[in-house]
Each structure stands twice: as structure tokens, then as C-alpha cells.
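This report looks at two loop residues and one pocket. Please read it alongside the sequence and the coordinates.

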Amino acid sequence: MHQLTREQARRIAVRAQLLTAPRPDDLLEVVRHLMVLQAEPTSAIAPSADLVLWSRLGSSYDVGELRDAVDEQRLVELQGFVRPAEDVALFRAEMAAWPGVGELKPWQVQRQEWVEANDGCRRDLLERLRADGPLPASELPDSCEVPWQSSGWNNDRNVRMLLQMMVARGEVAGAGRRGREQLWDLAERVYPDDPVPPVDEADRLVRERRLRALGIARAKAALAPGEPHSVGEVGEPAVVEGTKGQWRVDPAALDGSFDGRAALLSPFDRLVQDRKRMTELFGFDYQLEMYKPAAQRRWGYYALPVLVGDRLVGKLDATADRTAGALYVDALHLDVELTAAERDAVEAEVADLAAWLRLVLVDQRSTS
């Protein structure tokens with residue numbers, strides 16, 4: 001049983017997420033190590049995947065590199081996450097067992113029945129993609145006999161919902177984008193033809209990869225759509241001072257020096273995405289507030305968590321206005337007092353963000 005201080009646990013987490021110095025310099029190697037990039041398109045500053053890569057690679061990162069890697073199928077988009085193409089084999093056994101193994105949950109039964117009721121539309125989509133793909137959903141026929149019903153968000157989005165389930169079944173796959181529209185094609189034309197391991201082995205390998213990317217995590221964590229936070233029994237057990245229960249730690253992450261630096265993080269960055277882990281290890285108070293009315297926001301529409309060394313120290317409220325050619329920085333909300341050197345490091349990251357975006361930095365902030 002490893003006995004860790006909170007500082008040690010934080011440093012393991014930060015180092016595992018490639019947020020120390022020196023910076024990595026290879027986009028594909030970064031994605032392979034991180035395992036996933038969430039394809040969240042909100043562009044208040046930049047899409048999350050681009051922010052995640054910029055925070056690791058710095059202003060040398062060219063957003064065209066990510067687009068090219070997806071278009072060339074070195075990276076693939078799977079259920080809202082960009083993954084290395086070679087990792088898809090780890091998920092194909094699960095796809096083949098859709099909607100799940102063992103006793104199905106009610107929502108799994110509901111989805112299975114809905115797909116079966118619209119088997120004609122499913123076949124129409126496959127036929128159209130086979131003939132003319134890749135295509136956006138807007139150019140695919142909706143011949144569903146039973147419409148998708150939800151609480152309202154996805155009502156009357158039959159084709160998009162059916163495509164999502166066909167992705168889960170391993171029949172279709174994301175094949176890049178045309179502007180902001182996702183393109184779809186037959187999975188057999190997108191995914192590598194790699195051997196598919198058995199479900200149990202694939203699950204173990206995925207959990208090992210996840211722990212390597214996180215450094216330290218809980219065996220069980222709150223459910224998260226697309227990419228869970230839990231790692232099961234892989235790695236080695238650990239306890240962290242001031243927290244309850246056991247953790248799992250990547251033994252390879254226990255040794256090594258720590259050369260911290262400042263970084264501005266996407267709200268969807270894996271370092272902060274598991275809000276419970278974030279609170280336990282970093283004691284950081286943060287919520288993404290873009291869904292809140294403006295009057296109820298404390299930190300801003302799309303505030304970026306600010307990392308200095310092994311501490312999350314505040315939030316940066318900024319907005320990119322590409323029409324005006326400006327990055328407006330409205331506030332820097334600090335949770336702790338920074339040294340002059342730490343403050344300079346944060347300021348350098350803000351300036352680098354503007355330079356990377358090719359926008360003029362317009363500083364209209366106050367500090368709090």
C-alpha cells in the first residue's frame with residue numbers, strides 16, 4: 001500500500017497529464033499518451049481538443065495538424081472523443097456485443113428495441129454511405145418508422161440518434177468534418193483492420209491505459225459518458241493523506257522528478273474533468289458556467305482553470321472575438337496568493353494563448 005501526501009498525488013496526476021516541463025513536441029504521441037481528446041466544439045476561446053493540445057505543446061501547435069490527423073485516419077472520432085486509430089480495436093469487442101452483455105438495463109433494452117423497429121432506416125443509411133460516403137447527417141435519409149422520443153433535447157433527430165447507435169454497434173464511424181459538420185462513413189473504411197482482443201482483455205488494457213494517462217484514480221468513480229474516470233483494480237493500491245478510501249496508482253508514475261510550470265486548461269481537460277478527484281486532490285472549486293444565466297456566474301462563461309506547478313490556483317475569464325481580432329481577458333480570479341515569478345509565468349501563458357490564436361491581447365481584467 002503506497003502512502004502518498006496530497007502534494008505527491010497531485011504531482012503524479014500533473015506529470016501523467018504531460019503538464020510539466022519540458023513540453024512534449026509530437027501531437028500523435030501526446031494523444032496516444034492522453035488516450036482521448038474530447039471533441040467538444042464550444043469556441044468561446046477555442047475548441048476543447050485544441051486547448052488541450054496547446055496547453056501541452058505550446059504555441060507551436062497548429063490546429064491543422066489535428067484536422068489532418070483525423071482526415072488521414074491516424075486519429076478517429078469515436079462517440080465524441082478523438083482517439084488513436086490503433087486503439088479502436090480495444091472497443092470493437094464491446095461494439096460487437098451491443099447493447100451489452102449480461103442482464104440489460106432498461107435504457108439498453110429501449111435502445112435495442114428502437115434500433116430494431118427502425119431496421120429499414122438503418123439499412124438505408126448503410127446503403128447510402130456505401131455508395132456515396134462519407135456524408136454529413138443532413139444528407140442522409142430519414143426513413144425511421146418509429147421516431148426517437150426523449151425529454152426534448154433529441155426529439156426529431158432520428159438520423160443523428162440512429163447514427164450514434166450504429167457507431168456503438170461498430171457499423172459506422174466518424175470520418176472527419178466538413179466545416180462544423182461531422183462526416184460519417186462505413187466503419188470498415190475508417191477503422192484499422194487490427195485484431196480484436198476478447199472483451200475482458202480489452203477492458204483491462206483500456207483501464208491500464210487510462211490509469212497511465214491519469215497517474216492516480218479511483219477504482220470506482222461516478223459514471224461519465226464516453227470516457228469513464230474509474231480504473232478498476234489495475235495499478236497498485238494507495239492512500240492519500242486527507243482523503244478517504246483507497247486509490248489506484250500507476251507504479252511507473254511513482255518515481256521521477258517534478259519540474260512544474262504554469263498552464264491554462266480547457267474546462268474539459270482530463271486533469272479537472274473528474275470534479276470529485278479534482279476536489280479531493282487539489283481542493284479546487286470550479287464549475288463550467290456556460291449553462292448558467294450570466295448573473296449567476298462567478299468566474300465567466302468559459303473560464304479556464306489555471307495550473308501553477310502542482311496547484312490549481314484560479315480561473316481565467318477570457319473570450320476570443322475573431323471578428324475583432326482580439327482575445328479579451330476580463331478577469332483573473334485567483335484562489336491563492338502567487339509569487340511574482342508564478343504570476344509572471346501565468347501572464348506568459350495568457351500572452352502565449354493570444355499569440356497562438358493570432359489575436360491581439362486586450363487586457364480589460366480585474367483581479368480577485
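In what follows, Ala, Val, Leu, Ile, Met, Phe, Trp, Tyr, Cys and Pro count as nonpolar, Asp, Glu, Lys and Arg as charged, and the others, Gly among them, as polar. The model is predicted, so that local features need pLDDT of at least 70 and side-chain atom pairs pLDDT 80 or more, while totals for chains, interfaces and linings use all residues. Residues are numbered from 1 along each chain as its sequence is written, and side-chain values use heavy atoms, with hydrogens and water left out.

The second largest pocket holds about 460 Å³ of space, and among its 19 lining residues Pro-47, Asp-50, Arg-67, Arg-177 and Gly-179 are the closest to its centre. The lining comprises seven nonpolar, five polar and seven charged residues, and α4 gives the most, with four residues. A pocket here is an open set of points on a 1 Å grid over the protein atoms alone, where a 1.4 Å probe fits, with protein on both sides within 12 Å along at least five of seven lines; lining residues have an atom within 4 Å of a point. Its volume is the space filled by probe spheres set on the points, which are joined across faces, edges and corners.

Helices (H or I, at least four residues) and strands (E, at least two) are DSSP runs, numbered from the N terminus. The two loop residues compare as follows, with buried meaning under 20% relative accessible area, exposed over 50% and partly exposed in between (1.4 Å probe, protein chains only).

| Residue | Loop between | Relative accessible area |
|---|---|---|
| Thr-20 | α1 (6-16) and α2 (27-34) | 11%, buried |
| Ser-59 | α3 (48-57) and α4 (63-71) | 38%, partly exposed |

The side chain of Ser-59 makes a polar contact with that of Asp-352 at 3.0 Å, a polar contact being a pair of N or O atoms within 3.5 Å of which, within protein, one must be able to donate a hydrogen and the other to accept it, residues adjacent in sequence counting only if both atoms are side-chain atoms.
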